[in-house]
Structures are given as structure tokens and as C-alpha cells.
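Could you walk me through this structure while I have it open in my viewer? I would like to know what to select next and what is there.

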Amino acid sequence: MNSELINQLTDSLGPNGLPYTIPIHPNLVHLTIGLFIIAMTFDIVGVLFPFEKWVFKFLAITVERDNLFDVGWYNMLAASIITFFTVGAGFYEMLLAAPPADMKSAWGLQAMETMLWHGVGGVFLLALIVGMTIWRAWQRFVWGKQEYKQTDREVQWIYLFAGIAIMFILYIHGTLGAQLAAEFGVHNTADNLLRSHQDLNTTLK
């Protein structure tokens, strides 16, 4: 690529190394995680509803089992959709990253290794979440409507266990992302300004 074009791009970047003030990827990440966890939580509560019904009754909370499963389904669908944007924004911001090459994270990984694992993990999680959404749709619209089904439980136990396992993977993956920002200063405004010996109070006014 022409060096002048690279310089033009570099000149347009802010203190966080991006052409905009607030990084998009971290915000979408938390939306993805929140939607997924809410989806799994409500499905778990829905499955355990017969054991918890007295709690809702005691608290005078009017709730039906189908309502819990509705929340689980729509949040899983939303998580699947938003994760495409999360991963897309992540790759864009990763291409603009300029982390230090002489540092290692708390896990003993260098910045490039951390970014590669985080990038590959993001695509892997996208595939898992889309797969979970398809599986959830099958349970809602096919398995849940079959005549031989003897219960009003909308999701299977194996689905819940798979969701819990994915939440653990989300934790590992999120930790890698946190290390990129906190330890390597990737798109971290304050960190980048301090590395360039600038006054935060003056620059961030």
C-alpha cells in the first residue's frame, strides 16, 4: 500500500488508535454476553419452573412458564444477530491495533498471540451462538410442537449444559480481550497517551 495513504490514515486516528472516540467492539461484546446470559438464565428458570413456582407465588409475581421461554428465545436470537456486528467491529479494530511487541500478558502470551487467539475465538463463538440459536429454534418450533412430547418444557437439558459450557468459553475469550486493552493498551486512550508522554488532563479536555 502507498506509504502516503498509510500516513493519511494514521493522521486521522485519535489517541485510542481509532477514527472514532469510543471503541465499538467492547460495547458490542458486552451486549452479546449479556443477551446470551439472559437467554440461558431464563431458559434454566423455565426448565426449573415446577420447582420454583411456589417462590413466584410467595412473591406475588405473576409469571407463566411460556413467558420465561419467550424471553430465552428472543434474547438468544438477538445475541446471534448482534454477534455478527461484534465480530466485524472486532476485526476492523484489530487491524488498526498497534500493541507493544516487548510485553507479555498475565497468561504469558505476547500481544500478537493474544490478538490471534481472540480473533479466532470470536469467529468460533459466533459459530457456536448461531448454532445455539438454530438449535433453540428447532426446540421451539419443531420439538416443542410434536405430539409425543409429554411436557411443556421447551428446551432440552443438553441444550442448557451446552449453553453453560459456552458461557465458560465466553469468560476465557473475554479475558483475552480484557488483557489486550488493560495490559497491552490496545485502543486504550489513557494508556496510549501515557505511552506518548502526553498530559491526560490537557489532551482529554
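Here is a short tour of this predicted model, stop by stop.

**Stop 1: the main core.** Start by selecting Phe-36, Met-40, Met-76 and Tyr-159, the residues with the most contacts inside the largest nonpolar core, which has 19 residues. Next, colour helix H2 (24-47), helix H4 (65-95), helix H5 (111-141) and helix H6 (157-182), since each of them supplies at least two residues of this core. Of these, H2 gives the most, with 6 residues.

**Stop 2: Met-40.** Now centre on Met-40 and look past its neighbours within four places in sequence. Beyond those, Met-40 is in contact with Met-76, Met-132, Tyr-159, Leu-160, Gly-163 and Met-167.

**Stop 3: another core.** Apart from the largest core lies another one, of 6 residues. To find this second core, select Ala-97, Met-115, Leu-180 and Phe-184, which are among its members.

**Stop 4: H2 against H4.** Show just these two helices. Their axes come within 7 Å and cross at roughly 160 degrees, so H2 is roughly antiparallel to H4. The crossing in which H2 passes H4 is left-handed. If you colour this contact by residue class, you should find 22 nonpolar, 8 polar and 3 charged residues.

**Stop 5: Gln-179.** Finish in helix H6, where you will find Gln-179. Is Gln-179 buried or exposed? Its relative accessible area is 5%, under the 20% cut-off, so Gln-179 counts as buried. Leaving aside neighbours within four places in sequence, Gln-179 is in contact with Ser-105, Ala-106, Trp-107, Thr-114 and Phe-184. You have already met Phe-184, in the core of 6 residues.

Conventions: Residues numbered from 1 in each chain as written. Predicted model: local features only at pLDDT ≥ 70, side-chain atom pairs only at ≥ 80, totals over all residues. Heavy atoms only, no water. Core = buried A, V, L, I, M, F, W, Y, C linked by side-chain atoms within 4.5 Å. Buried < 20%, exposed > 50% of the residue type's maximum accessible area, 1.4 Å probe, protein only. Helix = DSSP H or I, 4+ residues; strand = E, 2+ residues; numbered from the N terminus. Contact = heavy atoms within 4.5 Å. Axes fitted to C-alpha atoms, helices over the stretch in contact; angles between N-to-C directions. Parallel < 35°, antiparallel > 145°, perpendicular 65-115°, else oblique. Left-handed = near helix turned anticlockwise from the far one by under 90°. Nonpolar A, V, L, I, M, F, W, Y, C, P; charged D, E, K, R; others polar.
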